[in-house]
Amino acid sequence: MSDDNRLGVYLRARRELVRPDAVGLPTTGVRRVPGLRREEVALLAGVSADYYLRLEQGRDRNPSPQVLESIARVLQLDEAGTSYLLGLVAPRARRTRRRRRAQVPPSLAQLLEVVGVPAVIEDRYLDILASNALARLLDPALVVGENRLRSVFLDQAVQALHTEWESICGSLVAAFRTSVGSDTDDPRFVELVGELSLASERFRQLWARHDVKALAGGTMLLDHPQVGPLTLHRQKFTLSDGSGLILGTYHAEPGSESAEKLALLGSLGSDEAARLNQR
């Protein structure tokens, strides 16, 4: 993504994803571009075609919020997408050095050990900063130092674990873009996107869509090599201390077969730990 014209890159990517018939335009005739034409976006947003062209080309860097919100409606952006669009033109403080790695408060690390469900702490780049034993039994990639994006796109064992791998990929990329926001000159961001863009065609495809997604939970389907199919509910909580750290938990419906399997997985881990301690 060009850091010189972040707004234009985003507008073009989202414009190409909108079907003309979805906004009431006819689809007859030959269309040389995917999605909407620039002049169609301009017409529907109530701005001149020349002005919209200047936005995409980066020749107007200060559009009003009202103009951007009109364009967001045409591009069918949700609340998260609109907020991201508005953030692209907000003033940014220039960074001169690498951001320091976030530290997990001791009390939060203790919480992971007593919460009773698989739980992790990750930062805005989806780097794992802390995890409990049950989380590591559920997914061996949930260990300190691993990155969830890298694991999902590059680790075949993780791909086999996730029954709905394609959906997980899209959600993670959108959440990552939302988390980083307009802070695209951060060295960690540049390093991670560069590595995945070179190593994964699917990541390149999803990254080019410029999807954004608000932090939210969901249901995930796993095929665990030890206990078989699992249906778990994933919850995400952003810490209120301004650190940007996220607490992620995974739990099964009480009394369900998945809950029994999750308990079994925990007992298998306890038995293995006991055997190791006896050596």
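**A walk through helices, core and sheet**

Visitor: What is the relative accessible area of R37?
Guide: R37 is partly exposed in this predicted model, a class that lies between the limits of under 20% for buried and over 50% for exposed. R37 falls into this class because its relative accessible area is 26%.

Visitor: Which residue forms a salt bridge with R37?
Guide: Side chains of opposite charge can pair when their charged atoms come close. For R37 the closest N and O atoms of the pair are 3.0 Å apart, and the partner counts as buried because its relative accessibility is 12%. The residue that forms this salt bridge with R37 is E40.

Visitor: How many of the 10 residues of helix α1 are buried?
Guide: Helix α1, which spans residues 6-15, is mostly covered, and its buried residues include L7, Y10 and L11. These buried residues pack against α2, α3, α4, α5 and α12. The number of buried residues in α1 is 8.

Visitor: How many residues apart in sequence are the parts that the pair of E56 and R15 ties together?
Guide: The side chains of E56 and R15 meet in a salt bridge of 2.7 Å, taken from N to O, and both residues are buried. Since E56 lies in helix α3 and R15 in helix α1, the pair ties together parts whose separation in sequence is 41 residues.

Visitor: Which helix gives the most residues to the largest nonpolar core?
Guide: The largest nonpolar core has 25 residues, and L11, Y52, L55, I71 and L85 are those with the most contacts inside it. Each of the helices α1, α2, α3, α4 and α5 supplies at least two residues of this core. The helix that gives the most, with 5 residues, is α4.

Visitor: Which residues are in contact with I71, leaving aside its neighbours within four places in sequence?
Guide: I71 belongs to the residues with the most contacts inside the largest nonpolar core. Once its neighbours within four places in sequence are left aside, the residues in contact with I71 are L11, V41, A45, Y52 and L55.

Visitor: Which strands are the edge strands of the open sheet?
Guide: Strands of a sheet pair through backbone hydrogen bonds, either parallel or antiparallel. Here 5 strands form an open sheet in the order β2-β1-β5-β4-β3, and the pairing is antiparallel. The strands that pair on one side only, and are therefore the edge strands, are β2 and β3.

Visitor: Which residue in β2 stands opposite I121?
Guide: Strands β1 and β2 pair in the antiparallel sense over 3 bridges, while helix α6 lies across β1, β2 and β5 and runs at about 155° to β1. Opposite I121, in strand β2, stands A130.

Visitor: Is G116 buried or exposed?
Guide: G116 has its place in the loop between α6 and β1, and a residue counts as exposed when its relative accessible area is over 50%. Because its relative accessibility is 60%, G116 counts as exposed.

Visitor: Which residue forms a salt bridge with R188?
Guide: R188 is buried because its relative accessible area is 14%, whereas its partner is partly exposed at 41%. Both residues lie in helix α11, 3 residues apart, about one turn of the helix. With the closest N and O atoms 2.8 Å apart, the partner of R188 is E191.

Notes:
Residues numbered from 1 in each chain as written. Predicted model: local features only at pLDDT ≥ 70, side-chain atom pairs only at ≥ 80, totals over all residues. Heavy atoms only, no water. Helix = DSSP H or I, 4+ residues; strand = E, 2+ residues; numbered from the N terminus. Buried < 20%, exposed > 50% of the residue type's maximum accessible area, 1.4 Å probe, protein only. Contact = heavy atoms within 4.5 Å. Core = buried A, V, L, I, M, F, W, Y, C linked by side-chain atoms within 4.5 Å. Pairing = 2+ DSSP bridges. Axes fitted to C-alpha atoms, helices over the stretch in contact; angles between N-to-C directions. Salt bridge = Lys/Arg side-chain N within 4 Å of Asp/Glu carboxyl O.
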